[in-house]
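User: Hey, I'm new to this one. Can you walk me through it?

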Amino acid sequence: VLPGYMVPAQLVSIDTMPRTASGKVDRKGLPAPDCVRATPRAFAARPPNPLEEMLCAIWADVLNREGVTSTDNFFELGGHSLNATRVMLRLREALQVEVPLRMLFEHPTVEGLARYVASQTGAVAPAGLPIVTVPRTGCVPVSFAQQRLWFVHEYEAGAATYNCPIVLEISGGLDRAALGRALDEIVGRHEILRTCFPPVDGVPMQVIKPRTALPLVVIDAQDGELALIMAEEFARPFDLKNGPVIRASLIRMSEHRHRLLLAMHHIVWDGWSVGVLCDELVELYAAFSRGRSPKLADLPIQYADFAAWQHSGEQDHARDADLGYWRRLLRGCQTSVRLPFDRARPQQSSHAGASVTARLPEE
């Protein structure tokens, strides 16, 4: 019996071990294993039940892996917290139940999570109301994550702590007009990228601005100047009260070498957004540069709809239960922290950004 981390990933049958001249095992002489998974369904002790089959299919789709089995570990297959959230959303849609995200960390195998869900029949909370589109009249409440980020932004006045930089390296002939149109369309599609956060009675709210062009600043630079330009651009703070919350710069290093710098505040951007932006930017640029219509599906909901859903009465019970826990835990504690908003905080370094290489078709 071996612990999970010692179970071989591949089993290869050979007649004899290759040896070196000194009689030791010649590791370099061992045959390379093929790409067949080490735990095919034929090796399973029992066939998966319908719930396990469903989870295997969800994991395979989310992780882009084939042949997921009941004994596979989600995180050993490359899963991370963002993918875990997607799994739980898919599980919610399929079973109409709420399973806490931590359960995937406590039961990381398909059979383990399926066993937990099955054992909680009748105890797992039913799924709440779906997220629906809300009217855009007046101000929209911010989400709880946005409220936290807005608070820190006000506390660290003038800081760039939560600036999120993205650098796209573009090789080949560049259609600047098509790139500008693609960026404008992305900002137009996603309301959150044209939202500002003014306080109303001391509470931040979302104000969605009309569609408008995103200014694209073009800078000519050499390789040695690139680091300084990027550092200066990404260190500039955002004005969350008035916006904008996104900036774009195009560094032209030669006729066929460009860097697109995108800076956003974390209040409108997260790690999952990188893939969404890159996919849409490639599709929109290809469409506009070739004179065809983009193939992007309409967005059924926006982030403002999610924020409104978080504040809906359907979520009050769970939120009150969480608050009750912390109130009981902290009962009797003395508060001794002051949070002065009127004094400037020293500037912080921005978060490390993502670097993506994109090769655009030459026209």
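User: How many of the nine residues of strand β9 are buried?

Analyst: Keep in mind that this is a predicted model. In strand β9 (residues 246-254), seven of the nine residues are buried, so the rest of the structure largely encloses the strand.

User: OK, and in which sense do β8 and β9 pair?

Analyst: Parallel, over five bridges, with β8 covering residues 216-220. For one pair, take leucine 216: its bridge partner in β9 is alanine 248.

User: What does the chain go through to cross from β8 to β9?

Analyst: Through helix α7 (residues 223-235), in a right-handed β-α-β crossover.

User: And how many bridges join β9 to β10?

Analyst: Eight, and those two strands run antiparallel. They make a hairpin that has two residues between the strands. Serine 254 stands opposite arginine 257 of β10.

User: Switching topic: which residues of α5 are buried?

Analyst: Gln146, Leu149, Trp150, Val152, His153, Glu154 and Tyr155. The helix takes in residues 144-155, twelve in total, and it reaches 17 Å from first C-alpha to last, close to the 16 Å expected.

User: What covers those buried residues?

Analyst: The cover includes β6 (199-200), β7 (203-208), β10 (257-265) and α9 (303-310).

User: Now the core. Which residues touch the most other members of the largest nonpolar core?

Analyst: Phe197, Leu260, Val268 and Leu281, out of 46 residues in that core. Elements giving two or more residues to this core include α5, α7, β9 and β10, which we've already met, as well as β4 (163-171), α6 (176-189) and α8 (271-290).

User: Which element gives the most to this core?

Analyst: That's α8, with seven residues.

User: And what does valine 268 touch?

Analyst: Leaving aside residues up to four places away in sequence, valine 268 touches Ile192, Leu193, Phe197 and Val245. There's also a second, separate core of 23 residues, with Leu55, Val62, Phe74 and Leu104 among them.

User: Last thing, cysteines. What does the disulfide count come to?

Analyst: Zero. For cysteine 139, the nearest cysteine sulfur belongs to cysteine 196 and is 8.6 Å away, while the cut-off for a disulfide is within 2.5 Å, so that pair doesn't qualify.

User: Is cysteine 164 buried or exposed?

Analyst: Cysteine 164 has a relative accessible area of 12%, so it counts as buried, the cut-off being under 20%. Cysteine 139 is partly exposed, at 39%.

How values were computed:
Residues are numbered from 1 along each chain as its sequence is written. This is a predicted model: local features need pLDDT of at least 70, side-chain atom pairs count only at pLDDT 80 or more; totals for chains, interfaces and linings use all residues. Side-chain values use heavy atoms; hydrogens and water are left out. Helices (H or I, at least four residues) and strands (E, at least two) are DSSP runs, numbered from the N terminus. The expected span of a helix is 1.5 Å times one less than its number of residues. Buried means under 20% relative accessible area, exposed over 50%, partly exposed in between (1.4 Å probe, protein chains only). Contact means heavy atoms within 4.5 Å. Two strands pair if DSSP finds at least two bridges between them. A crossover is right-handed if, with the strands pointing away from the viewer, the path from the first strand over the helix to the second runs clockwise. A nonpolar core is a set of buried Ala, Val, Leu, Ile, Met, Phe, Trp, Tyr and Cys residues joined through side-chain atoms within 4.5 Å.
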